[in-house]
Amino acid sequence: MAETRPRDAAQTRADILAAARRRFAAEGFERTTLRAIAADVGVDAALVIRYFGSKQDLFATATEFRIDLPDLSDADPDDIADMLLPRYFAVWEDDHTFLALLRAAMTSRVAADTLNQTLATHVAPTLMGATPDNHMKRIAVTDAFVIGLAATRSVLANPPVANLTREELSRWAAPVFRQLLVGPAPS
Amino acid sequence: MGRPGLSSAAGRAGAVVTISNGQRRPRNASRTRADILAAARRRFGAEGYERTTLRAVAADVGVDAALVIRYFGSKQNLFAAAADFTIELPDLSGLDPDDVANVLLQRFFAVWEEDETFVALLRAAMTSQLAAETLRQVFAQQVAPKLVSATPDHPVQRAGLTGAFVIGLAITRYVLVNPPVANLSREELCRWAAPVIRQLLTGPAAL
């Protein structure tokens, strides 16, 4: 069925990745099958394997999300939250990749390691541009705060946090970012 | 028994399982209920809500799935019973803001490290609407009222954001086991988290 329709390889790859993100987000890593993803796109599972390799490889590619954090090395401490939060909102709320990864990471070691790796390689180096000391401790607690906001707002949908506008959330989060990243180190 | 290659230790373990397996052992009903609940928490905790089966929970305890259904009804009811726990938060009203953070963080470690129920609920809530609703209820009924008593204004927002921070600590430390968070000692985590809790609960309001 799939083969009779003329297909553009790049479009097919993109369709497979989109279907994989939906499946991984809805069902987690373990329960998602290559066969189901292939069926969503109307191709054969063998084609998915040819393009992406194993399920784990497909997961890694599908959940590889870009987070473009700005250079913080010369930022005014008061501006850091305003510089970071729009980028974080873009990742949580406008891009399904991160939520797929977060959900999958709750019940899969493979997915959790992927998320930890992403934080280490894509987020930590940028935050380190702002931190004056205790870099890993500051970044650790900042990451925990950000993941807590994302989970509470976009996955758990807890009303007190989910109902905040982005502007309200930014105003409440700003002093926390400031304290964690550049505030005085607690004695 | 008698399978070639089994060590005597494995043979003994097998015999123990046989003895504890099923209806032949006289069972105390309340003990069995408690065992089923403990097994359900472990399963929901490790695998989330959707992937957990009554059959697997029953097998963990060495009983029949029909017995689990007789005791608890559906999987949904078993989940509700397994996730029905109480967070004993102390009265925070009248405490010094610095003490509020420390009191909460001590409870945080007790709840998350000594009771696997909460990790079970969190894992399940991130992957199931039903479990998410249970978690929202626990927050609204047990956590928020205590937090609110420590806030000078904006009680709903302050309690909600404090809850979000605590959930984030729990996810990164106990579920993701994110090394930078998981490697912090309790004391280090308290030192860095306390100013955040103090700011969110009692610091200057964001206007």
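Before you pick anything, one definition: a helix axis here is a line fitted to C-alpha atoms over the stretch in contact, and angles run from 0 to 180 degrees between N-to-C directions. Also, this is a predicted model, in which local features need pLDDT of at least 70 and side-chain atom pairs count only at pLDDT 80 or more, while totals for chains, interfaces and linings use all residues. Residues are numbered from 1 along each chain as its sequence is written, and chains are lettered from A and ligands numbered from 1 in the order in which they are written.

**Stop 1: two helices of chain A**

Select residues 9–31 of chain A, which is helix H1, and then 55–62, helix H4. (Helices are DSSP runs of H or I with at least four residues, strands are runs of E with at least two, and both are numbered from the N terminus.) The two axes sit 10 Å apart, at an angle of about 105°. H1(A) and H4(A) are therefore roughly perpendicular; that label covers 65 to 115 degrees, with angles under 35 called roughly parallel, over 145 roughly antiparallel and the rest oblique.

Now show the side chains. From H1(A) you want Leu17(A), Ala20(A), Arg21(A), Phe24(A) and Phe29(A), which meet Leu58(A), Phe59(A), Thr61(A) and Ala62(A) of H4(A). Two residues are in contact if their C-beta atoms, placed from the backbone, lie within 7 Å. This contact has seven nonpolar residues, one polar and one charged. (Ala, Val, Leu, Ile, Met, Phe, Trp, Tyr, Cys and Pro count as nonpolar, Asp, Glu, Lys and Arg as charged, and the others, Gly among them, as polar.)

**Stop 2: another pair in chain A**

Move on to helix H5 (residues 80–93) and helix H8 (residues 135–155) of chain A, whose axes are 11 Å apart at about 45°. H5(A) and H8(A) are therefore oblique to each other. On the H5(A) side, pick Tyr88(A), Trp92(A) and Glu93(A); on the H8(A) side, Val146(A), Ala150(A), Arg153(A) and Ser154(A). Here the split is four nonpolar, one polar and two charged.

**Stop 3: the domains of chain A**

Colour 9–62 of chain A as domain 1 and 77–182 as domain 2; such bounds come from an automatic or database domain assignment. Their C-alpha centres lie 27 Å apart. Where they touch, domain 1 of chain A puts in nine residues and domain 2 of chain A eleven. H1(A), your starting helix, gives the most to the domain 1 side, with six residues.

**Stop 4: over to chain B**

Chain B has eleven helices and zero strands. Of its 207 residues, 40% count as buried, meaning that 20 or more other C-beta atoms lie within 10 Å of a residue's own (12 or fewer is exposed, in between is partly exposed, and C-beta atoms are placed from the backbone).

Colour its domains too: domain 1 is 8–82 and domain 2 is 97–202. Eleven residues of domain 1 of chain B are in contact with eleven of domain 2 of chain B. On the domain 1 side, H2(B) brings the largest share, seven residues.

**Last stop: where the chains meet**

Show both chains together: 43 residues of chain B are in contact with 39 of chain A. Which helix gives the most to the side of chain B that touches chain A? Select 155–175 of chain B, helix H9: H9(B) gives the most, with 14 residues. That side of chain B divides into 27 nonpolar, ten polar and six charged residues.
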